[in-house]
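Work through the exercises below with the sequence and the 3D structure open. Try each task before reading its solution.

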Amino acid sequence: MAAPAQTNRRPILRRALTAMVQWIDSDYCPEGAEKMRQEPDRVDWVRVLPFVFLHLGCLGVIWTGASAFAVWTAVALYFIRMFAVTGVHHRYFSHKTYSTSRFGQFLLAVFAATAVQRGSLWWAYHHRHHHQHSDEPEDAHSPHVHGFWWSHIGWITSRRNFPTDYSTIKDLAKYPELVWLNRFDMVVPTLFALALFGLGAWLESFAPQLGTNSWQLLVWGFFISTTFLFHGTGCINSMAHLMGRRRFQTGDDSRNSAILAVITLGEGWHNNHHRFQSCTRNGFYWWEFDPTYYGLKLLSFTGFIRGLKPVPQSILAEGAHADHHASVAAAQTASVAHAQSSLRRVVPTAAAIAVATATASPALPVHKQNGPAVHKDVTELAHELNPKQPPMI
Ligand SMILES: [Zn+2]
Ligand SMILES: [Zn+2]
């Protein structure tokens, strides 16, 4: 009876030891990365211990307390590193929406690694895969296929999603320095945490009026800020295919959300992005808040990055066309609601005036063909809804 129990224990022990080596060398895969990727989804509890530790580290605040300096450091590092995630992991490595020198690319990869979301190559591999299979069963983090929590956090704990498939990102895998950073993806985060610890110790000695110290800066600047950063980024995976409005009829359920755009410095315009992934901006129009693009634009003036890719005119025209039809549909819904509301004696009169005015203005759709989307006012909408029908009184 003892022999089968022992043989069962061996693979478990071997998997646990493998996972521990992978904490340091994420490409260590004795059974083969391809075989690992073929496994069914299963949480690798040993492999994810550093990620669990990241969350538990936030509890350190019970002992370190807070200071204004530490809290503001956490906030600043959230936004600076969100820019690294969106501007570097996403818009550079995943989509190559601008270019830089080889050394510049290395610096960008180091900067993005401080976000503690593994290496840029792992990030780009999974993200490109998401675009290829959005909301299909192969999509590792579709909320429609796998549910909210799995797409928010579960998928990155799954054993099959740990190895990087270098064969799908050959344009990046040809640079050994990038592969090294990706393989030893704990190096930069560890140095970053140590730097914060050292800065806290230095400030305690030389600027005691700030009221901070090494452990406090480590807890706020690294653990709390990084945990929020992970969940802020995760909102795109879990919510950007559920929450918001669809401008473009993409082959998935991606959506545009201003709230997500604020949390993620512009990534909330996810439906725009799914429609056209090769441009540097996700907010296609000036009113779509996209700080990552503003930051990259500023950076391009220094010469460090170049060749930012614009949104093609054809895509802008398609967006304007879609917005126009959405506005008309909304006005149609509103007109039905008006007929049932207590304002029915007032609104029809206003509508009649609007319709009468609109009839006199010719060829409304002309501006939307040439320029960016123009939101139509009520007058135009009323005209387009019922051009021949007499006003409803
Ligand atoms: Zn998506
Ligand atoms: Zn993308």
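The exercises go from the whole chain to helix pairs, cores and two loop residues.

This is a predicted model, in which local features need pLDDT of at least 70 and side-chain atom pairs count only at pLDDT 80 or more, while totals for chains, interfaces and linings use all residues. Residues are numbered from 1 along each chain as its sequence is written, and chains are lettered from A and ligands numbered from 1 in the order in which they are written.

**Exercise 1. Describe the protein as a whole.**

Step 1. The secondary structure comes to 20 helices and two strands. Helices (H or I, at least four residues) and strands (E, at least two) are DSSP runs, numbered from the N terminus.

Step 2. Of the 393 residues, 34% are buried. A residue is buried if 20 or more other C-beta atoms lie within 10 Å of its own, exposed if 12 or fewer, and partly exposed in between, with C-beta atoms placed from the backbone.

Step 3. Two residues are in contact if their C-beta atoms, placed from the backbone, lie within 7 Å. Among contacts between residues at least 6 apart in sequence, 68% join residues at least 24 apart.

**Exercise 2. Classify the packing of α6 with α11, α7 with α11, and α5 with α6.**

Step 1. Axes are lines fitted to C-alpha atoms, for helices over the stretch in contact, and angles run from 0 to 180 degrees between N-to-C directions. Angles under 35 degrees count as roughly parallel, over 145 as roughly antiparallel, 65 to 115 as roughly perpendicular and the rest as oblique.

Step 2. For α6 and α11, the angle is about 10° and the axes are 10 Å apart, so the two helices are roughly parallel. F106, A109, V110 and A113 of α6 meet E177, L178 and L181 of α11. Nonpolar residues are Ala, Val, Leu, Ile, Met, Phe, Trp, Tyr, Cys and Pro, charged ones are Asp, Glu, Lys and Arg, and the others, Gly among them, are polar. By these classes, the contact of α6 with α11 has six nonpolar, no polar and one charged residues.

Step 3. For α7 and α11, the angle is about 90° with the axes 7 Å apart, which makes α7 roughly perpendicular to α11. S120, L121 and W122 of α7 contact L178, V179 and N182 of α11. Here the classes are four nonpolar, two polar and no charged.

Step 4. The axes of α5 (residues 68-94) and α6 come within 9 Å and cross at roughly 130°, so this pair is oblique. The contact joins A84, V85, V88, H89 and Y92 in α5 to L108, F111 and A112 in α6.

**Exercise 3. Which residues of the largest nonpolar core touch the most other members?**

Step 1. A nonpolar core is a set of buried Ala, Val, Leu, Ile, Met, Phe, Trp, Tyr and Cys residues joined through C-beta atoms within 7 Å.

Step 2. In the largest core, of 37 residues, the answer is A112, A115, L121 and A124. The largest share of this core, 11 residues, comes from α5.

**Exercise 4. V116 and D135: buried or partly exposed?**

Step 1. V116 lies in the loop between α6 (102-113) and α7 (120-132) and has a positive phi of about 60° although it is not a glycine. With 24 other C-beta atoms within 10 Å, V116 is buried.

Step 2. D135, in the loop between α7 and α8 (143-146), has a positive phi near 60°. D135 has 18 C-beta neighbours inside 10 Å and therefore counts as partly exposed.
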